[in-house]
Amino acid sequence: MAKDTKTRVPWYQTVRELAKRGREDIPEEFQLDTHLIWNSPAALDFNSPGADGFGVKRAALSVPGSIELLLSPGCCGRNTAALSGARDDVPFGERFAFYELDEKDIVTGAHLRKIPEAVERFVNSRKEKPSVVMLCLTCVDALLGTDMERVARKAEARAGVRVRPCYMYALTRDGIHPPMAAVRESMYSLLEKAKKDPAACNILGYFTPLDRDTEFFPFLRSIGLRRIREISTCPDYESFLQMAQANFNLVLNPEARDAARRLEKDLGIPSIELTRTYQADKIEHQYLALSSILAPEAKNIGPMLGAPKTALLQHARLFQRLYGDVHIAVGSRLDANPFDLALALTRYGLTVDEIFANPSPQDYAYIQALAKLSPQTRVYTNLSPTMTAYDAAASGITLALGKDAAYYHPGIAAVPWDQPQQPFGFAAVHRLFHEMVAALDEEAAKEGHAQ
């Protein structure tokens with residue numbers, strides 16, 4: 001472990017050291033409220049949940065036919081301009097509008113009286129009536145203690161459409177109800193009671209759809225589920241409302257737990273939580289456990305899962321034989337839990353030397369297992385000022401997984417693993433191996449041309 005910034009050595013802990021300390025003694029350097037945070041380009045999405053990927057502002061527009069009014073001072077709203085442009089991956093354009101709060105209105109609370117009128121004007125400016133207006137709020141209203149639910153009801157009455165608040169409160173991102181959990185709860189609160197369909201379920205957790213090549217969908221159909229809905233695949237608002245017919249919800253992301261609890265309380269839809277894992281035996285066990293709950297009479301589940309598991313293990317052995325000398329860095333800006341992914345790759349016979357992530361108590365099952373297999377794996381935090389001293393040349397890394405790991409290791413084979421569709425199950429691991437092969441072969445070809 002290195003700790004002294006004067007020696008220009010980045011701070012880290014080995015997984016052995018973390019395992020020895022235990023989940024109740026996570027070093028302060030990994031706790032974001034205990035030290036100076038370095039604004040690393042590898043972790044820019046920390047500074048604003050809307051800076052990259054799906055933050056609150058972009059997530060709130062996942063509801064089909066919705067529009068969004070951002071209520072903020074100019075300094076808080078400026079980075080939203082990136083989302084309202086013409087980028088192919090952010091097709092929201094004119095679905096955004098801004099209500100810039102001035103200092104006088106904030107101090108007097110006058111903006112609260114003006115919001116319903118602003119919502120009405122925004123709705124009336126549309127060629128087609130929106131399904132819902134999402135009011136996106138910044139830390140100003142968190143500090144003022146604004147009852148935005150009351151404001152939303154007044155705006156709803158005036159504009160004649162559903163109005164829901166969503167809270168972009170960076171102050172609460174490390175609390176018990178962070179913004180990305182709150183926005184999911186706000187979105188799904190639009191659903192109303194409906195007759196239950198025993199052959200229907202919802203997948204909750206992500207704002208982009210699951211990879212259509214995953215075996216998860218054939219598995220669900222094999223146990224009698226015919227209507228499997230995700231918010232990202234609902235073509236219109238009426239289709240979204242049909243999610244209320246689900247017999248149960250499958251929660252694939254912990255940030256959707258609060259929304260699932262609310263749906264169970266309000267609509268009587270129970271939930272089952274699954275974990276995205278890259279370990280073959282864990283994937284199989286999870287499917288078997290789910291089938292024992294949903295279809296205990298099913299007899300063919302084990303054999304059905306045996307083939308994809310065997311194929312995956314063969315794929316892993318082939319990769320290990322061809323690329324077994326690779327040294328891997330795993331980041332946290334990717335579609336995986338970095339500690340689960342590091343453990344999975346290690347169990348497949350590969351070498352993971354580095355992890356760029358802040359461990360939580362929930363990660364310690366992975367850390368304890370990884371400590372037995374690869375105790376010297378180093379765990380860095382993206383937000384430590386000591387990372388300015390990181391020396392990629394001395395690391396020996398030859399493959400970077402995740403955008404942040406790639407930032408620290410420029411010029412080597414890299415897989416961002418930030419998919420337009422969410423990877424899941426055995427298919428996710430297959431695809432990852434394919435992308436790792438492509439990245440390594442491309443880098444080898446570059447080196448060959450250079451010589």
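Colleague: Let me start with a single residue: what makes you call leucine 18 buried?

Modeller: In this predicted model, leucine 18 has a relative accessible area of 0%. The word buried applies under 20%, so leucine 18 qualifies. The residue belongs to helix H1, which spans residues 15-21.

Colleague: Which residues is leucine 18 in contact with, leaving aside its neighbours within four places in sequence?

Modeller: They are Gln13, Pro27, Phe30, Pro359, Tyr364, Ile367 and Val379. Each of these has heavy atoms within 4.5 Å of leucine 18, and that is what contact means here. Take proline 359: in sequence 341 residues separate it from leucine 18, yet the two C-alpha atoms are 9.0 Å apart.

Colleague: Now to the sheet. What makes S3 and S5 edge strands?

Modeller: The order of this open sheet of 4 strands is S3-S2-S4-S5, with parallel pairing. Strand S3 (96-100) and strand S5 (162-167) each have a single partner strand, so each has one side left without a neighbour in the sheet. On average, neighbouring strands here are turned by 25° against each other, direction ignored.

Colleague: How do you know that S4 pairs with S5?

Modeller: Pairing takes at least two bridges, and strand S4 (residues 132-137) shares 6 bridges with S5 in the parallel sense; therefore the two count as a pair. Valine 132 has arginine 162 of S5 as its bridge partner, and valine 133 stands opposite valine 163 in S5.

Colleague: And what joins S2 to S4?

Modeller: Again 6 bridges, between strand S2 (residues 66-72) and S4, running parallel. That meets the requirement of at least two, so S2 and S4 are a pair as well. Leucine 69, for instance, has leucine 135 in S4 as its bridge partner.

Colleague: Why do you say that both faces of S4 are covered?

Modeller: In a regular strand, side chains alternate between the two faces of the sheet. On one side of S4 lie Val132, Met134 and Cys136, on the other Val133, Leu135 and Leu137, and all are buried. The count for the strand is 6 of its 6 residues. Helix H9 (residues 179-188) packs on the sheet, touching S4 and S5, and its direction makes about 170° with that of S5.

Colleague: H9 leads me to H12. Which elements do the buried residues of H12 pack against?

Modeller: H9 is one of them, along with strand S6 (197-204), strand S8 (246-251) and strand S9 (271-273). The buried residues in helix H12 (residues 257-267) are Asp258, Ala259, Ala260, Leu263 and Leu267. After H12 comes glycine 268, with a positive phi near 70°.

Colleague: Last topic, the cavities. What makes the largest one a cavity?

Modeller: The name is given to a space where a 1.4 Å probe fits but cannot get out. The whole-structure search finds 2 cavities of 30 Å³ or more, and the largest has a volume of about 50 Å³. Its lining consists of Thr275, Arg276, Thr277, Ile283, Gln286, Tyr287, Phe424 and Gly425. Helix H13 (residues 280-294) supplies the largest share, 3 residues.

Colleague: How do the lining residues of the two cavities divide by type?

Modeller: For the largest cavity, 3 are nonpolar, 4 polar and 1 charged. Gly counts as polar, so Gly425 is in the polar group. The second largest cavity, at about 40 Å³, is lined by 4 nonpolar, 3 polar and 1 charged; Ile203, Tyr206 and Glu230 are among them.

Terms used. Residues are numbered from 1 along each chain as its sequence is written. This is a predicted model: local features need pLDDT of at least 70, side-chain atom pairs count only at pLDDT 80 or more; totals for chains, interfaces and linings use all residues. Side-chain values use heavy atoms; hydrogens and water are left out. On a 1 Å grid over the protein atoms alone, a cavity is a set of points where a 1.4 Å probe fits but cannot get out, and a pocket is an open set with protein on both sides within 12 Å along at least five of seven lines; lining residues have an atom within 4 Å of a point. Grid points are joined across faces, edges and corners, and a volume is the space filled by probe spheres set on the points. Axes are lines fitted to C-alpha atoms, for helices over the stretch in contact, and angles run from 0 to 180 degrees between N-to-C directions. Buried means under 20% relative accessible area, exposed over 50%, partly exposed in between (1.4 Å probe, protein chains only).
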